Structure formats: C-alpha cells, structure tokens
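This report covers helix packing, aromatic pairs and a few single residues. Please keep the model open while reading.

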Amino acid sequence: MSNKKFVFDKKKIVNLFNQNKFNKISKYSKSIFDYYKTDVDICKLVIASEINLKNYFKAEQYLKKIVINNSTDEIYYLYGNILKMQNKLREAIDAYKKAISLNNKFSEAYNNLANTQKKINENKNAKYNYIKAIESDSSNLGAYFNLANLFRSEKKYEEAIDNYKKVLKLNPQFVEALNNIGTIQLILGNFEDGLKYCKKTIEI
C-alpha cells in the first residue's frame, strides 16, 4: 500500500487509533488533517493522537483550524483541555466558558472550568462552577470530589466531609474520599471515626 493510500484511508486511520498506534497517525497528521479538514471526527482522532503523545502545541494548532468552522460545545471543551495542559489557564477558562455558552448543561465543562479557576486561586468562582457541574449532572463524582477538596483546602471541614460522603454514595470504594474523611476526622480529634475510615482504605 502506498503512503498516499495509507494517509487517506479513513478506516485505516480509525483502526490505528483503536490500536493506540498514535505515532503512526502523528507521522502523517498534517496530510490526514488537510485531507479530512471537513470531517470533524477524523480531525478529532488526529488531535487525540497528538494529545496522547503529549504533542499539545501541535494539537492546539490543529484544533484552532477546527474551531473556525465547527464552533461546538465539544470542540471548545477539547480546546480548553489542550490549553489547560499547556498551562495557558486564562485562555482555557475562555474556551470552557464558550463551551458552556453553547451548552449550559455541560457538566464536565463546568468541572474543568472550576479546576482551572482553582489553579489561579479564584476559589469563589471555582466553587460556583463545581456546584453548576453537580446541578447539571448529579452523578458527576469528580465534581463532588473536587468541591470537597476545595472546602478542605479552606479548612471548611464539615462541608468537605459532606461532599466526600456524596462521592462515596456514588462509589463506596473511592479510596481517596475515604482517606480524606479519615484524615479530617483525625484533625478534628474524632479519632474513632478517623481510624474507621482509614481502616476502610486498607480493606479495599
């Protein structure tokens, strides 16, 4: 099979991605992207391959080209993730906000927006968006956990415990939540409860 046939064979690209052969896709990524520039699904596979290889700048450049003609909530969310990975936090925040403006029930966009805001110490905004993530999807375990961690960092221990317990309702074997409740209880001097939760982490 010639290189040209390989590059432009859609089924082959999908199969390579499913086989985690990201280096192979990356090698021909420019040609693939240019040929399939109107096929968002294939373009996303190229971008995802670059992300898996930690080629974040390359992924960002490809995604910028998609955003021009495909301004969807999912595309802006992906764009935000790539920017966040490169520590371009203000730009990432803008991208997540654009995703949310297109879909105000996008729970993971709220969650990642909050994570990014927390990184720049905008805790009030982060707290608001963790709550929005939970309101949009009450099964978003990550949002509960992140909100609990934020409360813990502010030494608001009762609120932290409450949210860690919500995590455990969704996943009773979430070791980090069990451990964090145990640690907080020990800090508060509730040694019996603290040891009980710490013991549970060992039993899992």
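## Ile131 and its surroundings

Ile131 is partly exposed, with a relative accessible area of 37%. That value lies between the 20% limit for buried and the 50% limit for exposed, so the intermediate class applies. The model is a predicted one. Ile131 sits in helix H10, which covers residues 123-136.

Two spacings place Ile131 in the fold. Ile161 is 30 residues away from Ile131 in sequence, and the C-alpha atoms of the two are 16 Å apart. Lys118 is 13 residues from Ile131 in sequence, with 14 Å between their C-alpha atoms.

## H10 against H11

Ile131 also takes part in a helix contact, that of H10 with H11. The axes of H10 and H11 come within 9 Å and cross at roughly 155 degrees. An angle over 145 degrees counts as roughly antiparallel, and H10 and H11 are therefore roughly antiparallel to each other. The crossing of H10 past H11 is left-handed.

H10 brings Asn123, Ala126, Lys127, Tyr130, Ile131, Ala133 and Ile134 to the contact. H11 answers with Ala143, Tyr144, Asn146, Leu147, Leu150 and Phe151. By class, the contact of H10 with H11 has 10 nonpolar, two polar and one charged residues.

## H9 against H11

How do H9 and H11 run relative to each other, parallel or antiparallel? Helix H9 spans residues 107-119, and helix H11 spans residues 141-153. Their axes come within 10 Å and cross at roughly 20 degrees. Angles under 35 degrees count as roughly parallel, so H9 and H11 are roughly parallel to each other. H9 passes H11 in a left-handed crossing.

On the H9 side, the contact is made by Asn111, Asn115 and Lys118. On the H11 side, Gly142, Ala143, Asn146, Asn149 and Leu150 take part. The contact of H9 with H11 counts two nonpolar, five polar and one charged residues.

## Lys118

Lys118 belongs to helix H9. Its relative accessible area is 28%, so Lys118 is partly exposed. Leaving aside residues up to four places away in sequence, Lys118 touches Asn123, Ala126, Tyr130, Asn149 and Leu150. Asn149 and Leu150 also appear on the H11 side of the H9 contact. Asn123, Ala126 and Tyr130 appear on the H10 side of the contact with H11.

## H5 against H6

Helix H5 covers residues 40-52 and helix H6 covers residues 56-69. Their axes come within 8 Å and cross at roughly 160 degrees. That angle makes H5 roughly antiparallel to H6. The H5 and H6 crossing is left-handed.

From H5, the contact residues are Cys43, Val46, Ile47, Glu50 and Ile51. They meet Tyr56, Lys58, Ala59, Tyr62, Leu63 and Ile66 of H6. What classes do the residues of the H5 contact with H6 divide into? Nine are nonpolar, none polar and two charged.

## Aromatic pairs

How many aromatic pairs does the structure hold? There are seven. One of them joins Tyr77 and Tyr96, a tilted pair at 6.0 Å centre to centre with 50 degrees between the planes. Tyr77 lies in helix H7 (residues 73-85) and Tyr96 in helix H8 (residues 89-102), so the pair ties together parts that are 19 residues apart in sequence. Tyr77 and Tyr96 are both buried.

Phe145 and Phe174 form another tilted pair, at 4.9 Å centre to centre and 45 degrees between the planes. This pair links distant parts of the chain, 29 residues apart. Phe145 lies in helix H11, and Phe174 in the loop between helix H12 (157-170) and helix H13 (175-187). Phe145 and Phe174 are both buried. Elsewhere, ring pairs link Tyr77, Tyr96 and Phe106 into a cluster.

## Positive phi in two loops

Most residues other than glycine have a negative phi. Asn20, not a glycine, has a positive phi of about 60 degrees. Asn20 is found in the loop between helix H2 (10-18) and helix H3 (22-27). With a relative accessible area of 54%, Asn20 is exposed.

Asn121 also has a positive phi, of about 65 degrees, although it is not a glycine. The loop between H9 and H10 holds Asn121. Asn121 counts as exposed at 66% relative accessibility.

How values were computed
Residues numbered from 1 in each chain as written. Predicted model: local features only at pLDDT ≥ 70, side-chain atom pairs only at ≥ 80, totals over all residues. Heavy atoms only, no water. Axes fitted to C-alpha atoms, helices over the stretch in contact; angles between N-to-C directions. Helix = DSSP H or I, 4+ residues; strand = E, 2+ residues; numbered from the N terminus. Parallel < 35°, antiparallel > 145°, perpendicular 65-115°, else oblique. Left-handed = near helix turned anticlockwise from the far one by under 90°. Contact = heavy atoms within 4.5 Å. Nonpolar A, V, L, I, M, F, W, Y, C, P; charged D, E, K, R; others polar. Phe/Tyr/Trp six-rings, centres within 6.5 Å; stacked < 30°, edge-to-face > 60°. Buried < 20%, exposed > 50% of the residue type's maximum accessible area, 1.4 Å probe, protein only.
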